[in-house]
Amino acid sequence: VGNIGHTAHFGGAIGGYVLTLAFQPGLITQDPLMVGLLALPIILLYVLGKMGKI
């Protein structure tokens, strides 16, 4: 909708998440709850995109 690159923004969110974990892998053991909670919106948006809801 409009002139917003939703796919590009979604890719940026995934890239930021992955790069954060690549440069700071200790976060996975230090704060696994937050790592999981930050993954939830990415997973939700991916699933909704595949279902054609967004």
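Visitor: Of the 54 residues of the chain, what percentage count as buried?

Guide: This is a predicted model. A residue counts as buried when its relative accessible area is under 20%. Of the 54 residues of the chain, the share that meets this is 7%.

Visitor: How many helices and how many strands does the chain have?

Guide: From the N terminus on, the elements run α-α-α. The count for the chain is 3 helices and 0 strands.

Visitor: Why is the chain described as more spread out than a compact globule, and what is its radius of gyration?

Guide: The C-alpha atoms fill a box of roughly 40 × 20 × 15 Å along the principal axes. For 54 residues the globule rule gives 10 Å, and the chain is well over that, so it is more spread out than a compact globule. The radius of gyration of the chain is 13 Å.

Visitor: What area does the chain expose, and what percentage of it do carbon and sulfur atoms supply?

Guide: The exposed area of the chain is about 4,400 Å². The part of this supplied by carbon and sulfur atoms is 73%.

Visitor: Which residues does the UniProt annotation "transmembrane region" cover, and how far apart are the end C-alpha atoms there?

Guide: The annotation comes from an unreviewed UniProt entry and covers residues 33-49. Over residues 33-49 the model is 100% helix and 0% strand. The end C-alpha atoms of this stretch are apart by 25 Å.

Visitor: Is Ile-42 buried or exposed, and which residues beyond its neighbours within four places in sequence is it in contact with?

Guide: Ile-42 lies in helix α3. Its relative accessible area is 18%, and the cut-off for buried is under 20%, so Ile-42 is buried. Its C-alpha atom is separated by 7.4 Å from that of Ala-13, 29 residues apart along the chain. Leaving aside neighbours within four places in sequence, the contacts of Ile-42 are Phe-10, Ala-13, Ile-14 and Tyr-17.

Visitor: Which residues form a nonpolar patch on the surface, and what is their accessible area together?

Guide: The patch consists of Leu-33, Met-34, Leu-37, Leu-38 and Leu-40. One of these, Leu-37, lies in helix α3, residues 32-51, and is partly exposed at a relative accessible area of 43%. Together the patch residues have an accessible area of about 490 Å².

Visitor: Where is Met-34, and what is its relative accessibility?

Guide: Met-34 is placed in helix α3. The C-alpha atoms of Met-34 and Gly-15, 19 residues apart along the chain, are separated by 17 Å. Met-34 counts as partly exposed, its relative accessibility being 40%.

Key
Residues numbered from 1 in each chain as written. Predicted model: local features only at pLDDT ≥ 70, side-chain atom pairs only at ≥ 80, totals over all residues. Heavy atoms only, no water. UniProt positions renumbered as here; feature names shortened; annotations may be inferred. Helix = DSSP H or I, 4+ residues; strand = E, 2+ residues; numbered from the N terminus. Rg over C-alpha atoms; globule rule 2.2 N^0.38 Å. Buried < 20%, exposed > 50% of the residue type's maximum accessible area, 1.4 Å probe, protein only. Areas by Shrake-Rupley, 256 points an atom, 1.4 Å probe, with all protein chains shown as cover. Patch = residues over 30% accessible without salt bridge, like charges linked within 9 Å, V, L, I, M, F, W, Y side chains within 5 Å. Salt bridge = Lys/Arg side-chain N within 4 Å of Asp/Glu carboxyl O. Contact = heavy atoms within 4.5 Å.
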